[in-house]
Each structure stands twice: as structure tokens, then as C-alpha cells.
Amino acid sequence: MLKIFVLDDMTYLHDRYKLILKGYDVKTFDHIESFLKQVFIERPHFLILDHVIKDRTSLEVVDYLISRKFPLDNVIIISGNLKMDVLWNYKKKGVRRFLVKPFNDKDLLNILNDFDKNSNGIKTSYKKILAVDDNMQILLLYRMLFKDLYDVDICTNKNDLSIKVGNYDLIILDFNFVGEDFLSILDLVNKKFPSSKKIMVTGDLKVDKIRYFLQKEFEMIVYKPIDLNNFKNIVVKILG
């Protein structure tokens, strides 16, 4: 089910949004801060933003979404009086969906149905990472590091890996597994996720092996102990 967040300070309209969008999972907000906090916790698929929120505008919301890599094709701006210069500012930032208040219910539904149809169903708003490591603390650290940018799935062993399904944009793979053969894990990764980019994390790989893996398999080799800021920059550079 498509998850939709609505930001509108006219709270009496919230029930109307929920009624119009009764076939979707809808949450409503009237404050920018609470809205943005939940966007990057619950990760909705689509956002409906009123242009004016009290004495502020959704232009600052859009700027924040851009900084966190949220796709602006998944955003509608709604306003009762959107001037051309403001409209142009939204368009320059990448927003392309707009509705004028008072809007027709069918117009809003048509936009969402078109979005749902063209995205082949529910569209995930975040690129996906699979982190594979036998150390759960490290996996949870990855989740914290990328929580505002990407969806991070985790697994701790080969059996967990074998039942993973779906598509991942990046796989972070630890070289040192207790009781596991790294090459067999790598082979499983390549069979299940042949199009995924990969980063290897290691603490003790020799130079000749590094050259081989860099050339044959991985976008990057990252050494332990990991510099978190540098690691984050590497991932962002690979995924965009």
C-alpha cells in the first residue's frame, strides 16, 4: 500500500485528505519539524505539501528533502495562491507536480494513480543497501550512519543471506566471517544480486588480494577501523 504524508497547517482539511485518499496509508501533519522527523523514520512513498505552513513555506522542506536524497518526483505542492516566481523556484529545485486550492478530488487521485501506475506499484523512495557482517554492533552502526539517506537491510550469516530477496543498490560485505568461507559468501551474493554494486570491508587483506578484488568485484575496499565520515562519503559517491 502506498504510504502518503500530508503537510498542511489547515488541520480541518486533514480529515478531507484521509477521506479522499482512503485507499492509501495516510498520515497528516501541521508542523514542518514533526513532518520531516517522521519522513526519515517512516519513509513514505509520496508527500503532499501545502506551500504556506504558518509563517514559513515548503521551499525549505524541499531543500531539506534534496539534502537527504528524497526524490522530488514523489512530491505534490498544493497552494491557493502560487505566484509565478515561487512556482519557478519549486520547478528549478526539481518539483513538477502542483495543485491549486480549492482542488478537485479527482485531480489529486489522478496524480497519485499516475504515479502508482508509472512506478509499477509502490515506489520505494530510497536506494537500498544490504550490509553483511557477523558483528551485529557494526550492522546497527551502518543503520544509524545511513538512516537519513538509504534503506539499510542487514544479515549476519550465510543462511540469512540465502533467504534475502529483492534488489539492492549496494552491498557492504565484511571479509572476515567467523566460521564462514568468504568466497562462498561472495559467490552467493553474485548469484542472488548480480547487478548490485559492492564494497568490501576488511582489516587484514594483503595487497595482491586487494588488487584482485578491486579489479574483479568491488567498487571500493574499506579498511578497519572505519572512519565513519569517510565511509559515508564513499557510499554517497557510489550511490548518489
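**Salt bridges, one pair at a time**

Let's start at E217, which is partly exposed, with a relative accessibility of 23%. Keep in mind as you look around that this is a predicted model. Which residue does the side chain of E217 meet in a salt bridge? The partner is K198, with 3.6 Å from N to O. K198 sits in strand β11 (residues 197–202), while E217 belongs to the loop between α9 (207–216) and β12 (220–223), so this pair ties together parts that are 19 residues apart in sequence. Is K198 buried or exposed? K198 has a relative accessible area of 6%, and because buried means under 20%, K198 counts as buried.

Elsewhere, K3, K27 and E42 are joined into one network by salt bridges that share partners. In the whole structure, a search finds 15 salt bridges. As general background, side chains of opposite charge can pair when their charged atoms come close.

Now turn to K164, which pairs with D153 in a salt bridge whose closest N and O atoms are 3.0 Å apart. Here, too, distant parts of the chain are linked: D153 is in strand β9 (residues 151–155), and K164 is in the loop between α7 (158–162) and β10 (170–174), with their positions 11 residues apart. K164 is buried, at a relative accessible area of 16%.

Our last stop is helix α8 (residues 182–192), home to both D187 and K191. These two are four residues apart, about one turn of the helix, and they form a salt bridge with closest N and O atoms 3.2 Å apart. D187 is partly exposed, at 37% relative accessible area, whereas K191 is exposed, at 64%.

Note on methods: Residues are numbered from 1 along each chain as its sequence is written. This is a predicted model: local features need pLDDT of at least 70, side-chain atom pairs count only at pLDDT 80 or more; totals for chains, interfaces and linings use all residues. Side-chain values use heavy atoms; hydrogens and water are left out. A salt bridge is a side-chain nitrogen of Lys or Arg within 4 Å of a carboxyl oxygen of Asp or Glu. Buried means under 20% relative accessible area, exposed over 50%, partly exposed in between (1.4 Å probe, protein chains only).
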